[in-house]
Amino acid sequence: MLRVDPGGDEEMMMMGIIKEEEDGEDSEEDEEDDYLLAATGEAGPEQHPPGRRGRRGREEKERTKVRERQRRAVTGRILAGLRRHGNYSLRVRADINEVVAALAREAGWVVLPDGTTFPSSSSSHSQTPRPAMLVPVAAAAPPIPVSSSAAPAPQPLRSVVAVSPLAARPISRRAGHASSAYVAPPRAVPAEGTASPLLAVRVPRGEAEADDDDNAMDGGKQTGLATCPAPAVAPPRPPERDFAGTPYVPVYVMLPLNVVSLEGEVVDADALVGQLRVLKAAGVDGVMVDCWWGNVEAHRPQEYNWTGYRRLFHIIRELKLKLQVVMSFHECGGNVGDDVSIPLPDWVIEIGKSNPDIYFTDREGRRNTECLSWGIDKERVLQGRTAVEVYFDFMRSFRVEFDEYFEDGIISEIEVGLGACGELRYPSYAAKHGWKYPGIGEFQCYDRYLQKNLRRAAEARGHTIWARSPDNAGHYNSEPNNTGFFCDGGDYDSYYGRFFLNWYSQVLLDHADRVLMLARLAFEGSAIAVKVSGIHWWYKTASHAAELTAGFYNPCNRDGYAPIAQVLKKHGAALNFTCVELRTMDQHEVFPEALADPEGLVWQVLNAAWDAGIQVASENALPCYDRDGFNKTLENAKPRNDPDGRHLFGFTYLRLCSVLFERPNFMEFERFVKRMHGTINRSLAKQFSTCRRRLLVLHTYIYIQDILIG
């Protein structure tokens, strides 16, 4: 970059340069006029003698020169002011295009050499995979010094291609063949790893394929011109809603599943502290931690080891973050997003070897060891204790161990695990049993304790023949219309079907009622919550088969979530609902046969809870890094034009990982947090200092990288 001598008069120097350029342009314009006249046959004296037409051309030429001088004078003053007061690295002979490009980059936009401009958050900075924790720099660039007083120089952009944001989430197939080249958006696995089949993204296409498209567009003929593929620019976004001044919604971030090891140690504590500091600087209110039953009461009944969690909570308190704690009475592993294995306590597993009916069981007799069957809630089969007594002893021990964190307000909420994945549902769609999206799942009531409960219910109803589970409900990966039970007009809506589904869902409600009663006793005075899963596939069918097998009696002619909301209201518990980031249109585009409707499901559940007068929180179902997913979450968190001003009382982000700290992902996340807090609008977002954001991410990457390498 050329710099003006600070000792000289910058404006006079600029005017001198402009004068030289004007003189050069005059001769160029004269030559150009001569060329044009000769080419068109209008300049020869034998064709057009001098006269009024020649004078008019010279006058127009003079007026053009005057306008050009005025434009260059304005440009010179702008350049001088920007260099003097704004510290912009603009060359002395920069033109107005470079000025506009510099201002656009300062506002957070990407400007390509050919002038193509688009928001930085909608582009992938390179098609070449990079380590998630490294700062992108030029190949031969020296190390960048980090200083609190100066921002790092911007790096040149290479191979930048705009891409559409992540499409639908819980999908088991990839998108169909696209008509243009795309690069994969940020994802939940490293670039060199294997992507989850549940993340449907467009696949990059080869160069040969792109060349074929170019030839096809030219009719298969060679033009003789050197061509280069133009970057695919994302279509302009519609105007976004302004969330400035909206209610404050706290944002929490889930910590890794194995943040506390089986040995009672905080895993990679130094790196965790660095990440938590960045989250705190971005405005995050707190974190969510799973307290695993299999870790704490691992070896013998009522022997609890809270050492690792005490160390973790101390770190979180020192950073002045809040805590949401999950009482996780299920095993970790085998589900979507589970990257570690934490089984149930050893002594429970030993009991299960001699009495496998303590687990949920499907029609073929396969046991699901993820959590205990609700049939033993009142059965003394766990070394003299019932299941609910075991849960209560665990919760009471936690409350006594961390009393100071409750008294100081560090622990803001306890989420009580009530089933598979810590959610209030049957384990009806277990991947370990072969389930794949969008299968309807299977009923999980074939252990002898639940079968005994079903027989009692049938006898009380006076129809002992109904003491059986459906035999025409298909299997895990069936579609509703291929079964006799869930098809339109099927047995689900018969007298027997309504009896069975009512009993099946009532077992779920009774389990929630019993455990929440004891949780309220153990955590008296503290906020408690229950997570309900968002089973949105087959929502557009009459039977809602996937919801029925999970225990939600919610066909098209019945509200299955209002009874759940009433149970939570009875015990003063909040409802935490998932899948608030998913969009129905995305699901239909990528997997239309699933007949999914996450937006309709979210709206039904939120209104059922609000009508019951309970608080509602939410979380994303699968990793989310794109603006569209965050915007959908915002719309659900703060419904537009709600006459009662209802809104979520909290949001928990799934989950803390290295991908979140990649620069474009973290910028989108920080923007989302501020909008959830109601402290940012569109005009303020454009005024964010790019230097401040670069410094924040750069400090974070270097700090975490040093820890990982060291």
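What share of the contacts between residues at least 6 apart in sequence join residues at least 24 apart? In this predicted model, the share in the protein chain is 76%. The chain has 710 residues, and 50% of them count as buried. Its secondary structure comes to 20 helices and 14 strands. The exposed area is about 33600 Å², with 52% supplied by carbon and sulfur atoms.

Confidence varies along the chain. The mean pLDDT is 79, and 68% of residues reach 70 or more. Over residues 121-228 the pLDDT is below 50. That stretch has 169 contacts in the model beyond near neighbours in sequence. Residues 25-48 also stay under 50 in pLDDT. For residues 25-48 the model has 17 contacts beyond four places in sequence.

Salt bridges number 37 in the structure. One of them joins Glu-379 to Lys-452, with the closest N and O atoms 3.5 Å apart. This pair links distant parts of the chain, the partners being 73 residues apart. Glu-379 sits in the loop between strand S9 (367-372) and helix H9 (387-401). Lys-452 belongs to helix H11 (residues 448-461). Glu-379 has 24% relative accessibility and so counts as partly exposed. Lys-452 is partly exposed because its relative accessible area is 30%.

The residue after Glu-379 in the numbering, Arg-380, forms a salt bridge with Glu-389. Here the closest N and O atoms are 2.8 Å apart. Arg-380 is exposed, at 53% relative accessible area. Glu-389 counts as partly exposed, at 26%.

A further bridge joins the side chains of Lys-531 and Glu-619, at 3.0 Å from N to O. It too links distant parts of the chain, 88 residues apart. Lys-531 lies in strand S11 (residues 528-532), and Glu-619 lies in strand S13 (residues 616-619). Both residues are buried.

Salt bridges also form a network. Its members are Glu-240, Arg-627, Glu-668, Arg-671 and Arg-675. Asn-631 touches Glu-240, Arg-671 and Arg-675, leaving aside residues up to four places away in sequence. Asn-631 is placed in helix H17 (residues 627-637). Its relative accessibility is 16%, so Asn-631 counts as buried; the cut-off is under 20%.

Glu-303 occupies a loop, between helix H6 (293-296) and helix H7 (307-318). It counts as partly exposed, at 42% relative accessibility. A polar contact of 3.0 Å joins its side chain to that of Arg-300. Beyond four places in sequence, Glu-303 touches Val-296 and Glu-297. Ser-397 is 94 residues from Glu-303 in sequence, yet the C-alpha atoms of the two are 9.7 Å apart.

On the surface, a nonpolar patch is formed by Val-74, Ile-78, Ile-96 and Val-100. Together these residues have about 300 Å² of accessible area. Helix H2 (52-86) and helix H3 (96-106) are the elements that give two or more residues to the patch. Val-74 lies in helix H2. At 45% relative accessibility, Val-74 counts as partly exposed.

Conventions: Residues are numbered from 1 along each chain as its sequence is written. This is a predicted model: local features need pLDDT of at least 70, side-chain atom pairs count only at pLDDT 80 or more; totals for chains, interfaces and linings use all residues. Side-chain values use heavy atoms; hydrogens and water are left out. Helices (H or I, at least four residues) and strands (E, at least two) are DSSP runs, numbered from the N terminus. Buried means under 20% relative accessible area, exposed over 50%, partly exposed in between (1.4 Å probe, protein chains only). Contact means heavy atoms within 4.5 Å. A polar contact is a pair of N or O atoms within 3.5 Å; within protein, one must be able to donate a hydrogen and the other to accept it, and residues adjacent in sequence count only if both atoms are side-chain atoms. Patches are made of residues with over 30% relative accessible area and no salt bridge: like charges are joined within 9 Å, nonpolar side chains (Val, Leu, Ile, Met, Phe, Trp, Tyr) within 5 Å. Accessible areas come from the Shrake-Rupley method with a 1.4 Å probe; for residues, only the protein chains shown count as cover. A salt bridge is a side-chain nitrogen of Lys or Arg within 4 Å of a carboxyl oxygen of Asp or Glu. pLDDT is the predictor's confidence in each residue, from 0 to 100.
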